Amino acid sequence: MQQIAIISSSRDPAGVNIRNNLIELFGFEKIGEKFDDNGIYQYNKIPNKIIKLHLTNNDLIFSENIDKKINADIFIFASKHRSKENTQSFAAHPIGNWGKAEFGGKEKALCPSSAILLKNMFIGLNGTGKNSNYEITLEATHHGPYVEKPAVFVEIGSTEKEWTYRKNGNIIATTIIKALENQNKDYKIAVGIGGQHYCSNFNKVVLRTDIAISHICPKYHLDKLNEDLIKQAISETVEKIDFVVLDWKGLGTGKQRIVELLKNMDLEVRRTEQILSI
């Protein structure tokens with residue numbers, strides 16, 4: 001039986017919104033357990049899965065080693081998203097730091113990721129959120145908390161208005177449950193390198209093909225990318241990696257160094273434009 005923890009923060013209006021919708025829409029039932037002095041709710045309607053809803057009083061990105069306090073195989077963090085442009089958005093991403101740990105986690109440490117869960121979550125967002133006129137996107141791997149179990153963030157962006165809008169909580173709650181119900185595992189597995197933080201080319205690859213992508217290193221972190229971090233991206237993907245996908249134009253002046261690095265590691269490489277032109 002797979003144990004899944006969905007975690008929100010009492011400090012986060014988007015997380016509380018998503019939590020409330022999960023309870024009301026899907027009939028999560030309160031059980032005789034607590035976490036951080038908050039009641040735990042449980043959902044047992046997906047075969048072979050026990051899903052528990054936790055509320056922490058800490059900021060999610062700084063909830064280091066929360067996987068040592070909660071017994072679960074997979075962690076889904078339901079959260080707000082901020083952007084400089086205050087873009088209305090729904091987003092999902094893996095966690096970890098390619099460089100300094102400025103927003104939780106550990107420096108140059110990636111956390112376990114499931115490419116399959118991330119793909120199913122993104123497919124779900126594009127289904128339940130398709131009529132919302134919100135930007136729906138994957139994000140590059142970033143921020144904390146540091147955990148040693150597979151984890152994904154799913155988020156509402158980017159202001160108080162969007163965070164507290166009940167329909168948005170409904171969309172994310174439905175996305176989470178549908179992703180957990182989705183049994184499709186017949187995907188090719190990859191890590192992504194290049195492009196911007198909001199991964200437009202990787203978004204297309206994940207939506208249009210049978211490829212699932214776990215960790216993504218964006219262009220602005222390529223100067224930090226080395227063999228150790230690539231090995232981490234591979235080892236911290238719970239599924240076996242089939243190849244690396246490069247956003248070729250999104251590698252900028254780092255193309256040659258990245259190509260040589262991957263060649264020396266004897267890794268199969270594909271380019272987004274080649275994949276999308278097939």
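These exercises, with worked solutions, deal with a predicted model of one protein chain.

**Exercise 1.** Work out how the chain's radius of gyration compares with the globule rule for 278 residues.

*Solution.*
- Begin with the secondary structure: the chain holds eight helices and 12 strands.
- The radius of gyration of the chain is 18 Å, and the globule rule gives 19 Å for 278 residues.
- The two values are close, so the chain is as compact as a globular protein of that length.
- The C-alpha trace spans about 55 × 40 × 35 Å along its principal axes.

**Exercise 2.** Find what share of the residues is buried, and what share of the contacts joins residues at least 24 apart in sequence.

*Solution.*
- A residue counts as buried when its relative accessible area is under 20%.
- By that cut-off, 57% of the 278 residues are buried.
- For the contacts, take those between residues at least 6 apart in sequence; of these, 76% join residues at least 24 apart.

**Exercise 3.** Describe the exposed area and the charged side chains of the chain.

*Solution.*
- About 12,400 Å² of the chain is exposed, and 46% of this comes from carbon and sulfur atoms.
- There are 36 positive and 33 negative side chains.
- The centres of these two sets are 3 Å apart.

**Exercise 4.** Determine how the buried residues of helix α6 are arranged and what they pack against.

*Solution.*
- Helix α6 covers residues 227-235, and its buried residues are Leu229, Ile230, Gln232 and Ala233.
- Viewed down the axis of α6, these residues fall within an arc of 155°, so they line one face of the helix.
- Their packing partners are β9 (188-193), β10 (211-217) and α7 (255-264).

How values were computed:
Residues numbered from 1 in each chain as written. Predicted model: local features only at pLDDT ≥ 70, side-chain atom pairs only at ≥ 80, totals over all residues. Heavy atoms only, no water. Helix = DSSP H or I, 4+ residues; strand = E, 2+ residues; numbered from the N terminus. Rg over C-alpha atoms; globule rule 2.2 N^0.38 Å. Buried < 20%, exposed > 50% of the residue type's maximum accessible area, 1.4 Å probe, protein only. Contact = heavy atoms within 4.5 Å. Areas by Shrake-Rupley, 256 points an atom, 1.4 Å probe, with all protein chains shown as cover. Lys, Arg positive; Asp, Glu negative; His and termini not counted. Charge placed at Lys NZ, Arg CZ, Asp CG, Glu CD. Arc of directions from axis to C-beta.
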